[in-house]
Amino acid sequence: SSVASRCCRIMENQSRISEFFLRGISESPEQQQLFFGIFLCMYLVTLTGNMLIILAIRSDPHLHTPMYFFLANLSFVDVGLTSSTVTRMLVNVQTQHHTISFAGCLTQMYFFLMFGDLDSFFLAVMAYDRYVAICRPLYYPTVMSPQVCALLLALCWVLTHVVALTHTLLMARLSFCVPGEIAHFFCDITPVLKLSCSDTHINRLMVFALGGTVLIVPFICIAISYIHIVLTILRIQTPGAGGKAFSTCSSHLCVVCVFYGTLFSAYLCPASVASEEKDIAAAAMYTVVTPMLNPFIYSLRNKDMKGALKRLL
């Protein structure tokens with residue numbers, strides 16, 4: 001190991017790797033053009049749908065509530081998540097220039113991690129909002145006041161910034177001795193770590209610790225919130241009141257199932273089952289498909305959003 005590390009230092013001194021090769025979705029030129037059209041259409045739908053959600057909430061005074069405040073922020077984050085991963089791939093396919101600089105790779109990794117973690121945190125905050133609205137309605141104006149909402153928003157941004165920056169700085173200290181191919185369509189942590197000739201033990205430990213925390217803790221908070229919501233609804237004796245109360249949660253619950261279903265399939269899949277193709281497919285689901293579906297889920301299953309979008313259009 002000492003000989004290998006010495007050789008690595010010599011190679012690094014001679015020529016430090018300044019760029020990587022992004023394989024993309026497929027190596028076939030014909031399939032690349034097909035995927036280019038598909039991903040471009042999905043990206044445009046994602047951009048249009050989420051921007052309409054933001055504009056509808058901003059323009060309609062009836063939607064100036066905590067739930068829609070966080071929905072607007074979730075839509076903004078979805079646009080950022082898709083833009084930070086897909087746009088580079090689209091440019092690479094169109095120009096047939098599949099390399100990305102080391103600094104560009106770290107930048108993409110930072111924004112992907114930040115927006116992806118924000119998605120998880122915002123879904124947890126929205127679940128807490130529904131819990132307070134249904135289980136503690138008398139305290140709702142106080143618990144979810146504008147000041148508290150702003151504090152929760154700032155806390156989410158700060159925590160995700162710290163997590164993303166930690167991973168990025170740990171990646172920046174690694175040495176990459178030989179030009180490598182990233183078996184992905186963007187700079188995700190695991191494919192990049194495979195190319196390093198340094199000791200990546202700390203990086204992998206932080207991926208497990210921080211990555212597990214930002215995924216599992218919000219998911220547990222969401223699960224606990226919905227357990228309390230269901231128990232409260234079951235105790236409601238007024239006919240139809242329980243169904244009306246739960247209807248305000250149905251859109252959020254659908255988004256949670258889609259988001260965490262694809263995310264857990266990508267990062268908690270056993271090594272015997274995982275493969276590069278499945279990892280890429282799962283990554284495409286939660287970076288492109290899920291942000292594209294969110295506006296449809298909220299607009300089709302929410303009467304207030306339907307009305308606001310009609311008035312906006």
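In which helix does Ser84 lie? In this predicted model, Ser84 belongs to helix α3, and that helix offers a convenient place from which to follow the packing around it.

Two packed helices are described by the angle between their axes and by the distance that separates those axes. For helix α3, which spans residues 66–95, and helix α2, which spans residues 29–59, the angle is about 160° and the axes lie 9 Å apart. Angles over 145 degrees count as roughly antiparallel, and α2 and α3 are therefore placed in that class with respect to each other. The crossing in which α2 passes α3 is left-handed, and the residues that make up the contact of these two helices divide into 17 nonpolar, nine polar and one charged.

Returning to Ser84, one may ask whether this residue is buried or exposed. Because buried means under 20% relative accessible area, Ser84, with a relative accessibility of 14%, counts as buried. When residues up to four places away in sequence are not counted, Ser84 touches Gln108 together with three phenylalanines, namely Phe111, Phe112 and Phe115.

The largest nonpolar core of the model comprises 87 residues, and Leu71, Met171 and Met305 are those with the most contacts inside it. Helix α4, covering residues 102–135, supplies the largest share of this core, with 21 residues. Leu71 can be followed further: leaving aside neighbours within four places in sequence, Leu71 is in contact with Ile53, Ile57, Met126, Tyr298 and Met305, and the last of these, Met305, is itself among the residues with the most contacts inside the core.

Terms used
Residues numbered from 1 in each chain as written. Predicted model: local features only at pLDDT ≥ 70, side-chain atom pairs only at ≥ 80, totals over all residues. Heavy atoms only, no water. Axes fitted to C-alpha atoms, helices over the stretch in contact; angles between N-to-C directions. Helix = DSSP H or I, 4+ residues; strand = E, 2+ residues; numbered from the N terminus. Parallel < 35°, antiparallel > 145°, perpendicular 65-115°, else oblique. Left-handed = near helix turned anticlockwise from the far one by under 90°. Nonpolar A, V, L, I, M, F, W, Y, C, P; charged D, E, K, R; others polar. Buried < 20%, exposed > 50% of the residue type's maximum accessible area, 1.4 Å probe, protein only. Contact = heavy atoms within 4.5 Å. Core = buried A, V, L, I, M, F, W, Y, C linked by side-chain atoms within 4.5 Å.
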